[in-house]
Amino acid sequence: MSNKIQTLSGYIHEYQKSVQDPDNFWGRIADSFYWHKKWDRVVDWDFEKPDVKWFVNGKLNITENLLEKHLFLLGDKPAIIWEPNDPKEAVRTITYRELYEMVCQFANAMKAQGVEKGDRVIIYMPMVPEAAVAMLACARIGAVHSVVFAGFSAKSLADRIEDCQAKMVLTSDGNFRGDKKIAVKKVVDEALENTSSVERVIVLKRTGHEVIMKDGRDIWWSDAIEGVSKENKAEVMDAEDMLFILYTSGSTGKPKGVVHTCGGYMVYTTYSFQNVFQYNSGDVYWCTADIGWITGHSYIVYGPLLAGATTLMFEGVPTYPNPGRFWAICDKHQVNQFYTAPTAIRALQVFGAEPLKPYALDSLKVIGSVGEPINEEAWHWYHDHVGKGKCPIVDTWWQTETGGVMVSPIAGVTPTKPSYATLPLPGVQLAILDNDGNELKGNSVEGNLCIKFPWPSILRTTYGDHERCRQTYFSSFKGYYFTGDGVKRDEDGYYRILGRVDDVINVSGHRMGTAEVENAINEHPKVVESAVVGYPHDIKGQGIYAYVICDMEGRSEENLKNEIRETVNKIIGPIAKPDRIQIVSGLPKTRSGKIMRRILRKIATGETSNMGDTSTLLNPDVVEEIIEGAANVS
Ligand code: WT7
């Protein structure tokens with residue numbers, strides 16, 4: 001734990017070292033890991049191609065750093081504590097030694113089913129320890145995992161399988177989520193009807209749903225591991241070999257597969273975990289995310305386990321069986337660090353302080369926030385009611401593409417300010433650029449958030465389409481990684497994230513491309529055209545507002561809206577269902593045919609007093625009509 005920053009002057013000192021001599025800074029941190037062969041160079045990079053390599057020619061296996069490395073000191077200590085959806089079901093505690101055995105055994109089982117180094121494996125599973133085991137078993141044998149959030153539709157799952165040409169799918173019979181039981185294997189079956197690369201499906205029994213097991217393709221998890229050895233020799237990987245692909249939405253229609261590699265991701269997730277949360281040996285750390293998102297990858301599985309922490313995994317939802325569930329879990333397991341999303345805080349805030357009353361919450365030392373800007377009201381509620389005024393809030397800004405936390409207070413070290421992510425972690429060189437690409441120096445400036453030097457867990461490519469990676473992140477501002485977020489640096493040099501400046505919306509911390517939702521809406525046979533924008537939503541942060549042109553014949557508006565929501569549900573999943581749908585006769589367009597989203601965003605937000613210049617529109621009259629119609633939208 002010698003890499004842990006403990007004072008503000010220590011932070012400033014480390015930050016300066018990381019900028020002045022990144023090779024030495026990261027080389028020293030990477031030294032504390034187990035490598036089969038040390039690297040030749042710490043970093044090689046060129047943001048124009050882009051081409052970034054960390055720990056060049058280093059050889060390692062990330063799971064040896066997470067399992068073998070801890071066996072001697074932590075073998076009998078809990079690695080994972082699992083809290084089931086139903087509080088009456090038994091808790092599972094998995095020690096580092098047990099985790100080692102489970103991972104080795106499942107790694108052997110996957111190999112026996114034909115998976116080899118470099119093959120892609122889709123994980124579509126509930127929040128159970130086996131999901132983490134599945135990820136680690138892939139990493140153990142050098143297979144590339146791609147976790148797909150189990151709330152995504154068969155179509156979304158099929159698209160991802162197809163894009164990465166997955167050879168295997170790991171799934172369960174069903175999922176428990178609150179009072180719902182979801183038939184997961186059925187979704188997999190449907191997805192596989194339209195794809196051809198998958199040779200094997202391994203199915204974990206969880207809910208007891210009846211499932212159809214396809215002969216020669218499907219095998220039960222318990223059968224796959226039956227009699228299989230619990231020892232496995234880890235595959236030696238190059239630092240730049242792929243570790244995983246995680247699909248995320250962008251401003252164009254199709255989600256892209258963000259690629260992370262072994263060495264840099266290992267070093268950065270560990271370092272950031274230890275520093276941001278100030279984890280101490282023996283603490284219980286809990287991140288409420290799902291492993292289907294990057295937060296679950298980096299801060300439920302990899303970061304904490306690499307650091308030898310005890311990580312709590314929760315299967316359920318914040319409001320089941322009642323809105324006190326999070327707090328009950330904190331007390332039950334004596335959680336020390338708690339990490340959640342603003343949308344969860346706001347949803348629980350609605351119930352007031354009552355659900356918190358039965359709980360002491362006195363084990364908490366650090367509370368964190370991630371996924372979207374946290375508004376001041378939610379920040380204060382979290383601080384006062386959950387943190388009891390004594391826990392620092394770490395508001396962590398980062399992205400799927402950054403692999404780890406970029407801007408955040410270091411708990412107890414960095415003075416916090418409500419709704420500010422505060423300062424960059426060591427190694428993170430931020431730049432604020434205006435729209436013409438000029439870097440804005442000094443304080444009290446606002447613009448596009450960019451990063452001008454690589455950090456170890458930066459994405460390396462987008463799977464199968466490197467040009468898309470270049471276009472999306474490295475072409476807007478030459479020589480910079482562009483985040484897609486707007487940011488303000490205040491008079492103290494503190495950073496406040498202002499939200500996306502591109503066509504990406506953030507609904508309950510879930511990232512969505514407006515084009516992606518539009519494409520799904522347009523699949524409805526009666527829809528002619530649609531435009532989707534985000535609008536401020538009390539709980540979700542942003543809600544989805546869809547303007548739709550459609551043929552109404554033979555349908556009531558009500559029915560049509562329901563059908564459209566169902567279409568989106570089927571194509572993407574429930575998280576993408578529009579909150580508001582407005583049927584319109586036309587959309588405001590420029591003379592070149594581009595939809596003027598600026599206008600639609602204003603209408604959705606209710607800011608109709610100043611629409612700006614609409615005279616250049618092809619159809620200026622439609623704006624009035626839309627404003628009028630907006631008043632009765634549901
Ligand atoms: C986008 C990335 C990183 C894990 C979860 C989301 C927004 C994320 C914050 C924060 C303000 C935030 C940004 C970012 N975002 N954290 N603390 N404050 N905004 O990962 O799905 O890749 O989304 O989420 O807009 O670009 P993601």
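**Close-up views of a predicted model**

**View 1. The strand that gives most to the ligand shell.** Let's start beside the ligand: β24 contributes three residues to the shell around it, the largest share. This model is predicted, so please read each view with that in mind.

**View 2. Who else lines the ligand.** Several elements join in here: α11 (294-306), β20 (393-396), β24 (481-489) and β25 (495-500) each provide at least two residues of the shell. In total, 22 residues surround the ligand. Look for P373, Q399, T400, I497 and R511, which are the closest.

**View 3. The chemical character of the shell.** Sorted by class, the residues around the ligand comprise nine polar, eight nonpolar and five charged ones.

**View 4. The annotated C-terminal domain.** An unreviewed UniProt entry lists residues 516-594 as "domain: AMP-binding enzyme C-terminal". Within residues 516-594, strand makes up 32% and helix 28% of the chain. The C-alpha atoms at the two ends of this stretch lie 17 Å apart.

**View 5. Stepping back to the whole chain.** Here you meet 19 helices and 30 strands in the protein chain. Its C-alpha trace spans about 75 × 65 × 55 Å along the principal axes. A compact globule of 634 residues would have a radius of gyration near 26 Å, so the 24 Å of the protein chain agrees with that picture.

**View 6. Inside the fold.** How much of the protein chain counts as buried? The share is 52% of the 634 residues. Among contacts with a separation of 6 or more, 70% link residues 24 or more positions apart.

Definitions and conventions:
Residues numbered from 1 in each chain as written. Predicted model: local features only at pLDDT ≥ 70, side-chain atom pairs only at ≥ 80, totals over all residues. UniProt positions renumbered as here; feature names shortened; annotations may be inferred. Helix = DSSP H or I, 4+ residues; strand = E, 2+ residues; numbered from the N terminus. Near = placed C-beta within 6 Å. Nonpolar A, V, L, I, M, F, W, Y, C, P; charged D, E, K, R; others polar. Rg over C-alpha atoms; globule rule 2.2 N^0.38 Å. Buried ≥ 20, exposed ≤ 12 C-beta atoms within 10 Å, placed from the backbone. Contact = placed C-beta atoms within 7 Å.
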